[in-house]
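Dear colleague,

I am passing on to you the structure we spoke about, together with some notes on what turned up in it. Please have the sequence and the 3D view open while you read, and take the notes one part at a time.

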Amino acid sequence: MSPEPQRRRPAPKGAPRRLPVAPDEDLQAWSKPVRPADLDALARRYPSRSVSLSRERKALEVYDRPDRPKAFSMDSLEFFFVIAQYFREALPLRLILLLIACQGAGGIIKLTQEEMGAVLDVPRAKINEALQEIMGHGIVFKVARGAYQFNPPYSYRVAEFIPGTEDVEPQYVQVDQHEAIRKIRKDETLPDLVRFPSLEHMREAIEELRRERAAKREARRRERALRQEKGVAR
């Protein structure tokens, strides 16, 4: 072995610099640069784990407010498709959207008719009329004073995060959809259209309305043709 001191081999270019950290300097290690993680290698090493890198949320990506935080909810696209054709006035549709937006975990809506009217800027009498029509189709039903339940197959909020206060700890509430459906179907005091919801009556009403409109258009066409024939005859 050569008595000459051995020179340390230089690190290859591009390699991350590793700074020496003494064993008793664990706290200082957090402020030191570390070698970049190879996410692909981690994913191969732990195939049953979900490996991801968090990112900053972009502006306008999700809307929420502290009093209405993000929560997981489900909505039936077929339900939207049918009610968009069925309701001919704007207020029932606006009210349905409001009820969807104000659901809590389990589909409960804690709103009075006065509050609904204040949000939509509509008199309470109009709100009551539109709400009765919506309830008549089993879309929502009343569970208590100022509290309604959205029918789970149409729209359902599975979970919500309730922010905490100085006195109350924050909590995450989750109510699975099948649990709410089971409870509703067991309640024999509810109308059958609530316990066993169906959009078929709305589809039939839409088709009947279209047939009536087509018949009126055909009658007007024949009337115009008859007037034209009489004018030519003269």
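Which residues gather in a patch of positive charge on the surface? They are Arg 88, Arg 213, Lys 216, Arg 217, Arg 220 and Arg 224. Before you look further, please keep in mind that this is a predicted model, and that the values below were computed from it.

One member of the patch, Arg 217, can be followed a little further, since it is found in helix H9, which covers residues 200-233. Its relative accessibility is 48%, and because exposed means over 50% and buried means under 20%, Arg 217 counts as partly exposed.

Next come the strands. Three of them form an open sheet in the order E2-E4-E3, and the pairing in this sheet is antiparallel. The edge strands are E2, made of residues 108-109, and E3, each of which pairs on one side only.

How many bridges join strand E3 to strand E4? There are four, and they link residues 140-144 of E3 with residues 147-150 of E4, the two strands running antiparallel. If you would like to trace this pairing on your screen, you can start with Val 140, which stands opposite Phe 150 in E4, and then go to Ala 144, whose bridge partner in E4 is Ala 147. The hairpin of E3 and E4 has two residues between the strands, and in this hairpin Gly 146 takes a positive phi near 75 degrees.

Is Phe 141, which is found in strand E3, buried or exposed? With a relative accessible area of 9%, Phe 141 is buried, because the cut-off for that word is under 20%. The C-alpha atom of Phe 141 is separated by 7.6 Å from that of Val 194, although these two residues are 53 residues apart along the chain.

A last residue to look at is Gln 171, which lies in strand E7, a strand of residues 171-174. Gln 171 has a relative accessible area of 41%, so it is partly exposed. Between the C-alpha atoms of Gln 171 and Glu 160 the separation is 8.5 Å, and along the chain the two residues are eleven residues apart.

With best wishes

Note on methods:
Residues numbered from 1 in each chain as written. Predicted model: local features only at pLDDT ≥ 70, side-chain atom pairs only at ≥ 80, totals over all residues. Heavy atoms only, no water. Patch = residues over 30% accessible without salt bridge, like charges linked within 9 Å, V, L, I, M, F, W, Y side chains within 5 Å. Areas by Shrake-Rupley, 256 points an atom, 1.4 Å probe, with all protein chains shown as cover. Salt bridge = Lys/Arg side-chain N within 4 Å of Asp/Glu carboxyl O. Lys, Arg positive; Asp, Glu negative; His and termini not counted. Charge placed at Lys NZ, Arg CZ, Asp CG, Glu CD. Buried < 20%, exposed > 50% of the residue type's maximum accessible area, 1.4 Å probe, protein only. Pairing = 2+ DSSP bridges.
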